Amino acid sequence: MAQPLYTGQVRTVGESMARSTTEAQAFKIFMDEPVELGGQNGAPSPLDFILAAHAGCLNYMTFFVARELGIPVTGTEITVKGSLDPAKFAGTHREVRAGYQSLTATIHVKGDVTQEQLAHLLREVETRCPVSDNLAHATPIHLSMLPAA
């Protein structure tokens, strides 16, 4: 019997060009932009949330896969960095990519683990992390714009 698909959904209300509030399940997520991009720097930017989502998913998958493989992971510290050229979203250079040019994630694993276990764990986490998959491979996006009711 096939597993049912997980369907996620959020609802975002824009308060201004830079500020928005997103409802995700029973939670509210606030986003803002730095002052130099028209915001008040009152919350993480949408780009920060991409990095945070990636780190959070890597954390979950590290613990999940480690438990599955019997690897004694007791904690993680994850850093995700990304760089982008703002020229495309600013409309000044159409040939560059609008998003991050690349991401670098480093997972520091706490626990009594061997290098061989870490290598196996990394291979599994890399191939099974849903956020990594969405970031590394083209995901079809069907975008529409309608007048507000």
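## Thr22 and its polar contact

In this predicted model, the side chains of Thr22 and Thr12 make a polar contact at 2.6 Å. Thr22 belongs to strand β2, which covers residues 20–24. Its relative accessibility is 4%, and because buried means under 20%, Thr22 counts as buried.

The surroundings of Thr22 can be listed once residues up to four places away in sequence are set aside. Thr22 then touches Val10, Arg11 and Thr12, together with Phe27, Lys28, Ile29 and Met31. Thr12 is therefore both a residue that Thr22 touches and its partner in the polar contact.

## Salt bridges around strands β1 and β2

General chemistry gives a reason to look for charged pairs: side chains of opposite charge can pair when their charged atoms come close. In the whole structure, a search finds 6 salt bridges. One of them joins Glu23 and Arg11, with the closest N and O atoms 3.5 Å apart. Glu23 is in strand β2, while Arg11 is in strand β1 (residues 10–14), so this pair ties together parts that are 12 residues apart in sequence. Glu23 has a relative accessibility of 33% and counts as partly exposed. Arg11 is also partly exposed, with a relative accessible area of 49%.

The pairing extends to a further residue, since Arg11, Glu23 and Lys28 are linked in a network of salt bridges. Two members of this network, Arg11 and Lys28, are also among the residues that Thr22 touches. Another salt bridge is formed by the side chains of Arg19 and Glu15, with an N to O distance of 3.7 Å. Arg19 counts as partly exposed at 24% relative accessibility, and Glu15 is partly exposed with a relative accessible area of 47%.

## A salt bridge between the helices

Which two side chains meet in a salt bridge with an N to O distance of 2.9 Å? They are those of Arg128 and Glu68. Arg128 lies in helix α2 and Glu68 in helix α1, so the pair ties together parts that are 60 residues apart in sequence.

How accessible are these two residues? Arg128, at 28% relative accessibility, counts as partly exposed. Glu68 likewise counts as partly exposed, at 48%.

## The largest nonpolar core

As a general tendency, nonpolar side chains are buried together in soluble globular proteins. In this model, the largest nonpolar core has 16 residues. The members that touch the most other members are Leu58, Met61, Ile71, Val80, Leu121 and Val125. Two or more residues of this core come from each of α1, β4 (73–83) and α2 (115–128). Helix α1 provides the largest share, with 7 residues.

Val80 offers a detailed view of one core member. When neighbours within four places in sequence are left aside, Val80 is in contact with Leu51, His54, Ala55 and Leu58, and also with Thr104 and Ala105. Leu58, one of these contacts, is itself listed with Val80 among the core residues that touch the most other members.

## Ile50 and a nonpolar surface patch

Not every nonpolar side chain is covered. Leu47, Ile50 and Leu135 make a nonpolar surface patch of about 190 Å². Ile50 is located in helix α1, which spans residues 46–69. With 31% relative accessibility, Ile50 counts as partly exposed.

Beyond its neighbours within four places in sequence, Ile50 is in contact with Tyr100 and Leu135. Leu135 is thus a contact of Ile50 and a fellow member of the patch. Val96 is 46 residues from Ile50 along the chain, and the C-alpha atoms of the two are separated by 19 Å.

## Two loop residues with positive phi

Most residues other than glycine have a negative phi. Against that background, Gln25 has a positive phi, near 55°. Gln25 is placed in the loop between β2 and β3 (27–31). This residue is exposed, with a relative accessible area of 71%.

Where is Asn41 placed? Asn41 is in the loop between β3 and α1. Although Asn41 is not a glycine, its phi is positive, at about 55°. At 53% relative accessibility, Asn41 counts as exposed.

Technical notes: Residues numbered from 1 in each chain as written. Predicted model: local features only at pLDDT ≥ 70, side-chain atom pairs only at ≥ 80, totals over all residues. Heavy atoms only, no water. Patch = residues over 30% accessible without salt bridge, like charges linked within 9 Å, V, L, I, M, F, W, Y side chains within 5 Å. Areas by Shrake-Rupley, 256 points an atom, 1.4 Å probe, with all protein chains shown as cover. Salt bridge = Lys/Arg side-chain N within 4 Å of Asp/Glu carboxyl O. Helix = DSSP H or I, 4+ residues; strand = E, 2+ residues; numbered from the N terminus. Buried < 20%, exposed > 50% of the residue type's maximum accessible area, 1.4 Å probe, protein only. Polar contact = N/O pair within 3.5 Å; in protein donor to acceptor, adjacent residues only side chain to side chain. Contact = heavy atoms within 4.5 Å. Core = buried A, V, L, I, M, F, W, Y, C linked by side-chain atoms within 4.5 Å.
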